[in-house]
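Reader: I am new to this structure and would love a close look at a single part of it. Could you walk me through the side of one chain that touches its neighbour, and the elements around that side?

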Amino acid sequence: MSNGPSLGVFKFASCDGCQLSLLDCEDEILAVAKAVRIANFPEASRAVVEGPYDVALVEGSVTTAHDLQRLLRVRQESRVLVTIGACATAGGIQALRNAADVAEYTRVVYAHPEYINTLERSTPIAEHVKVDYELRGCPVNKRQLLDVLLALLHGRKPDIHPHPVCVECKMAGTTCVLVANGTPCLGPVTHAGCGALCPSYARGCFGCYGPAEDARVGALAGPLAASGAKPDELVRLYSTFNVAAPAFQEGQRLAREGGASK
Amino acid sequence: MNGDAVLELTGLDALIAALIARGYRVIGPRVQDGAIVLDELQHAADLPVGVKDEQSPGRYRLAPRSDNAHFGYVVGPHAYKRVFHVPVETLFRVRRDGRGFEVTETPVDARPVALFGARACDVAATTVQDRVLAEGAHPDPRYVARRKDAFVVAVACNEPGATCFCASMNTGPRPADGFDLSLTELLPEPGVPHRFYVEVGTERGRAVLDEVAHALPSDEDRRRARALADAAVASMDKHLETRHLRDLLIDNPEHPRWRAVAERCITCTSCTLVCPTCFCSSMDDVTSLEGEAERVRRWDSCFTRSYSYMHGGPARPSVEARYRHWLTHKLAGWIDQFGSSGCVGCGRCITWCPAGIDLTEEVAAIRADVKAARGASKEA
């Protein structure tokens, strides 16, 4: 077993997809296991070592009072805490409830709603504890995940660029789908990191990495409306995995207003 | 100039073949994903034959032409900086060797390229980038290695696009220099087949042309080429007044127009990354599990907040500051720094801005306002 820094992987409200990205690093995973001491990673091993941990990867959002207690403990036990994925960084798709009546949702979905004990809102990890680094995406990019681990191992800053997806499209030579095809695209306001995956398949970016550093949704509202997309389509475009991110909330509001003004 | 010639339509394919036979990677326009981009060419048939592009601020569409023109379009989203100032590259690798570390430069892919069908604005842009990256006090050896033997087959624009303003920047639409060969497409006329009027720019160009069947041009061929160039200038609707432009921008850093344009700017960086002369880059240091490290250079943009980030925060936190910085550098500071404007009038930043911001309009608005204010103060 490695004598390297200890790693814990913790899950809150999420689908497990982000932590599985670590297991998806097939070519590197053995080397990673040699470099770090995997102390707590239930998706990978039943052997659990008690904290403290040098690095905690935290997936998922806070949706129950119990989650919150557990999160406070993870933070206390971890030297560096890295949130991974849109659930952890923005509240995830489950934050659609934030603008709805949770009791009503519970009644509609569950046969026995009385067993459900949940909070009104799904909230990002950073709303409750200090987060050292955030990895965006639904799911996270495994290269970025690996880079963060390597950066922490070598004591350097991770290369997480907060600029928009447009930078990645232009570097890849991908033609702008908004300008050349009128496809609604959130790339201009979305955080880079995916390598501009969707536009490279001639699809508009649907913002799964959440808001970029500036996220000028107000300036993008006109071009999105000019693409011919209907206001409710634009509201939906902003209402996916990062629905609760403040800049995307603003995008939804502007799209609705655009509909109202028509 | 080293003379002229005419090339029949079939000569285009022969010209590409001759360049490939000489070992060039031929890079030229091709249709891909709804746009005309730059990619490797094998045959003349790879060109966007019978295709035109319709461009306006924030909008680009391809459409069929009614003729068989091989160059009946203008510039697309790619510029030659993709070839010489590549989007991303590893500069060197570092390996620990017990006592210290060993640095190994990564090799440069310096296979010579031939730019085929390069527009006058893009030939001029390459010259502008040369001044910055190859001819300054600190040349970039990787850029120089890729650029130094490049062969240029330029082509005159007979039909400028709606966002083109090269005539204002004195770079086109007919290539004046910087090429080995320059073509003007002469579409078929009764009794005269589809052909290309060729101007020879260099001895090397002459040598390549001599490997391809060609003929002496008639006076009519020459006249048509000149007339097309004149008509192209006349048909260019967009203009940028360059008189005292440097001082106009340097003297008006607080003009309210900067704030107005900043409200429309998404800070998406598209203008800078499609610009054929913008050269900014950042470095990323990457490490491997084995403890090796790499230094990677990648394109960056002055429109990102992080680009100007230093200890304590970004130097240009406001969008207003970033737009002003870009335009003032491009049209004014560049002249002080590198001896020419940084703008060649290709119009890419206008077409590919999702918000359709048009720098010629921004400059015109500041100029009109300053002129009006000056007039008012004279009256008073």
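Author: Happily; here is a walk through that side of chain B and the elements that belong to it. This is a predicted model, in which local features need pLDDT of at least 70, side-chain atom pairs count only at pLDDT 80 or more, and totals for chains, interfaces and linings use all residues. Residues are numbered from 1 along each chain as its sequence is written, while chains are lettered from A and ligands numbered from 1 in the order in which they are written.

The contact (C-beta atoms, placed from the backbone, within 7 Å) takes 37 residues from chain B and 33 residues from chain A. Among the elements of chain B that give two or more residues to this side are α9 (256-264), β12 (281-287) and β13 (293-299); helices (H or I, at least four residues) and strands (E, at least two) are DSSP runs, numbered from the N terminus. The largest share, 4 residues, comes from β12(B).

Let us follow the strands inward. An open sheet of 4 strands runs β7-β6-β13-β12 in chain B, with antiparallel pairing (two strands pair if DSSP finds at least two bridges between them). Its edge strands are β7 (101-105) and β12 of chain B, each pairing on one side only. Strand β6 (residues 88-96) of chain B is joined to β13(B) by 6 bridges in the antiparallel sense, and one bridge partner of this kind is B:Val296 in β13(B), which faces B:Thr90.

Notes: Two residues are in contact if their C-beta atoms, placed from the backbone, lie within 7 Å.
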